[in-house]
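Trainee: I've got a new structure open and no idea where to begin. Can you walk me through it?
Mentor: Sure, let's bring it up and take it topic by topic.

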Amino acid sequence: RRAKQRGLKVQFLSNAPRRSAAIASMLDDMGMSRNLYDGIVSSGEESWQAMKDRTDVFYADLGPRCYHLGAGAKDANMREGLDFEFQDELTFADWILNTGPADSTDMSQWTPLLRTALKAKLPMVCANPDRVVMRGTAKELCAGSLAEWYEDNGGTVQWHGKPFPSVYASARKAMGLRRHEVLAIGDSFTTDVAGGLGAGLDVLLVNTGIHSDQLDENLKKGIDQLAKDKGVRPTFVAERLQF
């Protein structure tokens, strides 16, 4: 609200593996009025559009049968309107749509399925590059952790969302702004910082998410270490977002 009062454009750029309309409904439920932001670009929406139009060679080559590795009803809107046969068994699938496991912190729970997919040489679409998500104070696996393991072990993965450039281009185009007019804000070095910098934007890292246990009271020291480990450094850092 304060951002809009100051005449700023606000665009949500989300790695949620859901379509933009579904995210808007979720924000409605959270009490976020639609007049407080200008639009939503999501990894899920970009993935869905790519699966729908199939102009990219990767998507043109996909077979008709898809195994959806997802969180049940929550991610079901990613199937709607697509001309694929969604399978309940990996055995019958030509490829995998990965929107992430539900309520899991144990990678070993998923490696048997992923190894089976590797043997069958099934390509994977990753609709959420996040490796982990915060649920309260606990970290849970996201689709990106499974996709990273799959790719590291020789699997083929088509990624969508942050830190990949196309979603930043879409968001900036929707805002009608040049690079130097945009501030990207997030809590992850791997997606938010790397993605924003890669898109030529200034980045504000807020210490309210997945790095909070590594950024104690000595914020600068923690940032220095993470920047060294991750190979990227945010333009600005703050304990929290405030105006």
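Trainee: Okay, helices to start with. At what angle do helix H5 and helix H6 pack?
Mentor: Keep in mind that this is a predicted model. In it, H5 (residues 111-119) and H6 (residues 143-152) pack at an angle of about 45 degrees, and their axes are 10 Å apart.

Trainee: So what do I call that arrangement of H5 and H6?
Mentor: Oblique. Angles under 35 degrees would count as roughly parallel and 65 to 115 as roughly perpendicular, so H5 and H6 are oblique to each other. As for handedness, the crossing of H5 past H6 is right-handed.

Trainee: Which residues in H5 and H6 meet?
Mentor: On the H5 side you have Thr111, Leu114, Arg115, Ala117 and Leu118. On the H6 side, they meet Leu146, Trp149 and Tyr150.

Trainee: And how many of those contact residues are nonpolar, polar or charged?
Mentor: The contact of H5 with H6 has 6 nonpolar residues, 1 polar and 1 charged.

Trainee: Let's switch to charges. How many salt bridges does the structure hold?
Mentor: There are 9 salt bridges. As background, side chains of opposite charge can pair when their charged atoms come close.

Trainee: Give me an example. Which residue does Lys4 meet in a salt bridge?
Mentor: Asp38, with 3.0 Å from N to O. That pair links distant parts of the chain, 34 residues apart: Lys4 sits in helix H1 (residues 2-5), while Asp38 is in the loop between helix H2 (20-29) and strand E2 (39-42).

Trainee: How exposed are Asp38 and Lys4?
Mentor: Asp38 is partly exposed, at 43% relative accessible area. Lys4 is partly exposed too, with 25%.

Trainee: Got another? What does Arg18 form a salt bridge with?
Mentor: With Asp75, and their closest N and O atoms are 2.7 Å apart. Arg18 lies in the loop between strand E1 (11-14) and H2, and Asp75 in the loop between strand E3 (65-69) and strand E4 (85-87), so this pair ties together parts that are 57 residues apart in sequence.

Trainee: Are Arg18 and Asp75 buried or exposed?
Mentor: Both Arg18 and Asp75 are buried.

Trainee: What about Arg19, which residue is its salt-bridge partner?
Mentor: Glu45, with the closest N and O atoms 3.0 Å apart. Arg19 is in the loop between E1 and H2, and Glu45 is in helix H3 (residues 43-53), so parts 26 residues apart in sequence get tied together. Arg19 counts as partly exposed at 22% relative accessibility, whereas Glu45 is buried at 15%.

Trainee: Hang on, why do Arg19 and Glu45 end up with those labels?
Mentor: Buried means under 20% relative accessible area. Glu45, at 15%, is therefore buried, and Arg19, at 22%, counts as partly exposed.

Trainee: Fair enough. Moving on to prolines, where is Pro101?
Mentor: Pro101 is in the loop between strand E5 (95-98) and H5. It's buried, with a relative accessible area of 9%.

Trainee: Which residues does Pro101 touch?
Mentor: Leaving out residues up to four places away in sequence, Pro101 touches Leu69, Trp110, Leu141, Cys142, Ala143 and Leu146. Leu146 should ring a bell, as it's one of the H6 residues in the contact with H5.

Trainee: Any odd backbone spots? What kind of peptide bond joins Lys162 and Pro163?
Mentor: A cis one, with omega about 15 degrees. Pro163 is in the loop between strand E9 (157-159) and helix H7 (165-175). In general, most peptide bonds are trans, and most residues other than glycine have a negative phi.

Trainee: Then what's the phi of Arg54?
Mentor: Near 55 degrees, which is positive, and Arg54 isn't a glycine. You'll find Arg54 in the loop between H3 and helix H4 (57-60), where it counts as partly exposed at 27% relative accessibility.

Trainee: And what about Lys121, what's its phi?
Mentor: Positive, about 55 degrees. Lys121 is in the loop between H5 and strand E6 (124-126), and it's exposed, with a relative accessible area of 74%.

Trainee: Last one: is Ile223 buried or exposed?
Mentor: Buried, at 4% relative accessible area. Ile223 is in helix H9 (residues 219-230), and its C-alpha atom is 29 Å from that of Ser170, 53 residues away along the chain.

Definitions and conventions:
Residues are numbered from 1 along each chain as its sequence is written. This is a predicted model: local features need pLDDT of at least 70, side-chain atom pairs count only at pLDDT 80 or more; totals for chains, interfaces and linings use all residues. Side-chain values use heavy atoms; hydrogens and water are left out. Axes are lines fitted to C-alpha atoms, for helices over the stretch in contact, and angles run from 0 to 180 degrees between N-to-C directions. Helices (H or I, at least four residues) and strands (E, at least two) are DSSP runs, numbered from the N terminus. Angles under 35 degrees count as roughly parallel, over 145 as roughly antiparallel, 65 to 115 as roughly perpendicular and the rest as oblique. A crossing is left-handed if the near helix is turned anticlockwise from the far one by less than a right angle, and right-handed if clockwise. Contact means heavy atoms within 4.5 Å. Ala, Val, Leu, Ile, Met, Phe, Trp, Tyr, Cys and Pro count as nonpolar, Asp, Glu, Lys and Arg as charged, and the others, Gly among them, as polar. A salt bridge is a side-chain nitrogen of Lys or Arg within 4 Å of a carboxyl oxygen of Asp or Glu. Buried means under 20% relative accessible area, exposed over 50%, partly exposed in between (1.4 Å probe, protein chains only).
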